[in-house]
Amino acid sequence: MTRVTTQEAVASDHVRIQLDILQRYNVAVAEEYGRDGARWMAEDGLLGALQQAAGEGCGLAIVGPSGCGKTLMAKWLAAQLAAAGSPVFYFAAKDIAGDWAKAVRRETALLTDAPPSDLLRAAANSDRDIFLIVDGLNELAGSEAGVLRGLRALARRYDAKIIITSQAPPPAGFEGLSTVSVGRPSAGLKRRIAERTGGRLDGAAIEFLDVVGSGFEAEMVGGVGAGLIGEATRLALIDQYVRARLGAHARAGAYGLRRLAVALHRDLAFSMPEARVDDFLRDAGIGFETCDALFSAKLLVRRVGRVSFAHEMLLNGSAAFGLAAEATVDPTAFGARLSTPLLAPLAGEIITAIEDRRVCHDVLEAVSSPDSIAAAAKGVYGHLAKPIAKELVLAAKAKCIAEIEAVKLELDTENPAYPVQWSETGRSEWTPGELACLGAIGQLATSVDGVQDYLDLCAAMDARLLEERARLAPEAKVAKIGIRSASFALAYNGFGSQIGFSRIEHHGYRGWAREPSSPLPLLDVSDLSSGQLHFYLENRCSFFDAEELDRFANELIFVLRNRFSREPYHVQLVALHAVSFAREASEETLAELTQAIQDLDVAPTNWAIGSSVIDALKWLGALVEDAEGAREGIRAEVAEALADGADGSLAMSVYTRMFDHPFDSIYYEEIHALQEHERHRIYRRALASKEIKRSMSFRWICDEILKLDDPADVELFARFTLLPDRTSVFPQDEWGAFTKSLRFLGRHGALLPPSDGVEPREICLNEIRALVYAAESGRPGDLAAAGRAWTNLEALSAGLVIGCLSEVHAAMTERHHGVDVKLPYEPLDIRRTYPAECLRLARRLLQGASEVEYFHQAPMRERGPTLAFDIVGRFGDRSDLDILRRLSRGHPYSAFALAALKALDGVTPDQ
């Protein structure tokens, strides 16, 4: 007896045949993808969220960095859906060259002997959702735009849901997909990944898990298991993993991989034709049995007739040994090359592979990357490099202290913005290697390995500033110049002339403090110098855990009562910002902290400190009663802004007070208590105000009106379609309003107002206006106008066109994470609207290696090259490889060229 469904029991023979075809296919899918899918190990709560998101709406996008397990997630999901009865068609994006019919035939032929047409007909006639899974969208071969159009067409034809995995957010046209973001694995998940192979993890392996960052590395640790011997470096892990996978072929196979990796690196290639790989390995003395073992062990993979390494880590690790041998010829020159885009991805493995102490010292001394020095000092590159890097860091520290003790301050009465500068007296010359060591000191500051070095430097600097301020005090008093905060900013923020201490990264990202294993030893705030105190408060999370918030609050109270008035502005600011960290302290302590803030004597003219005091009191809930008492007055303000004939400036003021006012929560409540049409009236009046472009709320107000998508607002947005202000201090907001306004008018068929322009950059951006308008409109006449605009752009310099286009592209593809409401103007990628024209433009830039020019006066200069080379990487073909290889060697565009080269020449699969 065979169990059947009611549908099968009552169905005709023809229907039962279709159901049988579908059932056998689903079983094959569940079995094929379930094997790899079973290897996926999820963070807590992710399994249910993934299945739920896949079944909702149009489908699902799984987004995350390389190595986080997206491919295994997709295969697990394919197996689960197939087992539940849904037809699933799984495609690896790297194998799709634009022909979806061929891709479907290949997929079905691998799993079933049923004709593809019969299977598709059975799937279409079933009552189950059909799923199209495309893994690794960022690895698409061929024309990405054409492939994506084909995918959407296939989904429409069979009413299928789409599931994609990608390192980037969903592209234009796929905004309706639910998104599940996957990050780096947690410590617990890495342990589970490593243990699933059944191997035994000893103490060395468990310790190594703490420093690996991806699921693939954790899997390698598990694959080696208790056999992990020697130094706990990534290079040792890769080498032992390769050997463990190859078994009896370990020695010959590892040798062949090293030879192949070096050859690829020297050719600036990431893949090789399979026939050439056979010949290459055969010439290297590697037999075909070992070659087959390399594929069976999944160390090499085939892709459309070409062979590449299964993961970039394997490629870099295999190449490192051969490249390290080159360092012995001229270690200093080789060390300088390690920071170039060509060698930087392999720098760590190459340094680890060096076994001669003199060579290692000379290489590290010449390295210009702070990341490499910091990693070496942490021991990431092995026991040989660690003491050498530490020695170099201490030498740079000693030289920095000597310079601090020798330099002098001087007043610059003609420069009110930066009234204090370093004189030329006592300043040192710094080599690129020494500057890298200074940068490493900043990166290591919140680690056990580097905190004392940084504190020593702060103590030396603060002592010198004290001496120099005392010397300059009479002169500064006559000139009426305050030098306490100005000198602190000069030293710690680098505002003005610079010395070695200025080159240390004093704020923001610190590479080796991402996941502190335990808090650093606590310091005594009464004994800290100003710079040390600033560092202590700014990096409070590195010193205090959740159990010590009362202690932190009490130390903050001491600072506010005993040190605040004597500290530079920057220390005062960070002390007030640190209040948010203490919000979970005991009520008694918080009451004392509130009183200490209220007792501060802040000059009315010091708006920044005054505003920070208000923020601190709001965080502590100390303004609730005062805010409630002001409600009636605020309600009257809102009513006045709504009155007939009210000035737009008043509406603008009321709107911005929802975000920047002591009683902002009351303003928010009162405005959102209005009838919807009244609230929209305030927004429209604010947007029409003269000062809107100078407001930090410009973009947000635009978005509020855009949500309404009302054609009656055309006149309101028309003025924002004129060229942006080149000197705007809020360029991101102005470019956003510019592009969205163009799209608004294009969507509603409103005529673009004329925009004057005589300079080349103005002429260029005026032509680009037509491109954006037509991209949204899609009407034949507008697309014809866009064609004429492209013709006109051909007459302008490629560097200028790419620069202006990159500014527009950045504004149109910007995504605001955490926004719950779906906006009517989702990101629009202009490259996908005009792929051929964009490719022609990008190639024109590459052929002339042109310098990129921009419209805005202070642009982000990497945007232009990033856009141009990304276009070639996405839409180009192998005919572009030669020019990319040429630009990858010692050219200012080498980092961008390498990224495009990797995209075109066989990107290794995302594991």
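**Stop 1: helix α24**

Select residues 530-538, helix α24, in this predicted model. Is this helix mostly covered or mostly open? Mostly covered: eight of its nine residues are buried. Show the side chains of S530, G531, Q532, L533, H534, F535, Y536 and L537, the buried residues of α24. Now bring in the neighbours. The buried residues of α24 pack against α22, α23 (484-493), α25 (549-562) and α26 (569-577). Keep α22 on screen for the next stop.

**Stop 2: the nonpolar cores**

Helix α22 covers residues 451-479. This helix gives the most to the largest nonpolar core, with 10 residues. That core holds 204 residues. Which of them touch the most other members? Select L314, L364, F501, L593 and I768. In soluble globular proteins, nonpolar side chains tend to be buried together.

Zoom in on L314. Leaving aside residues up to four places away in sequence, L314 touches F216, M220, I238, Y241, V242, L299 and F309. Colour those seven side chains to see what surrounds L314.

Then look for a second core, separate from this one. It has 59 residues, and A28, I62, I130 and V182 are among them.

**Stop 3: two lysines in loops**

Most residues other than glycine have a negative phi. Here are two exceptions. Select K480, in the loop between α22 and α23. Its phi is positive, about 55°, although K480 is not a glycine. Is K480 buried or exposed? Its relative accessibility is 77%, over the 50% cut-off, so K480 counts as exposed.

Move on to K298. You will find K298 in the loop between α14 (288-296) and β7 (300-303). Its phi is near 60°, again a positive value in a residue other than glycine.

**Stop 4: three helix pairs**

Two packed helices are described by the angle between their axes and the distance between the axes. Try this on three pairs.

*α27 and α28.* Select residues 587-598 for α27 and residues 607-619 for α28. They pack at an angle of about 160°, with axes 10 Å apart. An angle over 145 degrees counts as roughly antiparallel, so that is how α27 and α28 run relative to each other. The crossing of α27 past α28 is left-handed. Which residues make the contact? From α27 come T594, I597 and Q598, and from α28 come V613, A616 and L617. Four of the contact residues are nonpolar, two are polar and none is charged.

*α36 and α39.* Next, select residues 731-747 (α36) and residues 798-813 (α39). The packing angle is about 80°, and the axes are 9 Å apart. This makes α36 roughly perpendicular to α39. On the α36 side, show W735, G736, F738, T739 and R743. They meet E807, V808, A811 and M812 in α39. This contact has five nonpolar, two polar and two charged residues.

*α20 and α21.* Finally, select residues 385-406 (α20) and residues 432-443 (α21). Their axes come within 9 Å and cross at roughly 95°. These two helices are therefore roughly perpendicular to each other. Show L392, V393, A396, K397, K399 and C400 in α20. Across from them, α21 brings E434, C437, L438 and I441. How do the contact residues divide? Seven are nonpolar, none is polar and three are charged.

**Stop 5: helix α33**

End at helix α33, residues 676-688. Two of its residues deserve a closer look.

Select L687, which lies in this helix. With 0% relative accessibility, L687 counts as buried. Its contacts, apart from residues up to four places away in sequence, are I692, F698, I701, C702, I705, L716, F717, R719 and F720. Now draw a line from L687 to R561, C-alpha to C-alpha. It spans 44 Å, and the two residues are 126 residues apart in sequence.

Select I682, also in α33. At 0% relative accessibility, I682 counts as buried. Which residues does I682 touch, not counting those up to four places away in sequence? The answer is V638, L642, A651 and L674. For a last line, join I682 to Y90. They are 592 residues apart in sequence and 50 Å apart in space, C-alpha to C-alpha.

Note on methods
Residues numbered from 1 in each chain as written. Predicted model: local features only at pLDDT ≥ 70, side-chain atom pairs only at ≥ 80, totals over all residues. Heavy atoms only, no water. Core = buried A, V, L, I, M, F, W, Y, C linked by side-chain atoms within 4.5 Å. Buried < 20%, exposed > 50% of the residue type's maximum accessible area, 1.4 Å probe, protein only. Helix = DSSP H or I, 4+ residues; strand = E, 2+ residues; numbered from the N terminus. Contact = heavy atoms within 4.5 Å. Axes fitted to C-alpha atoms, helices over the stretch in contact; angles between N-to-C directions. Parallel < 35°, antiparallel > 145°, perpendicular 65-115°, else oblique. Left-handed = near helix turned anticlockwise from the far one by under 90°. Nonpolar A, V, L, I, M, F, W, Y, C, P; charged D, E, K, R; others polar.
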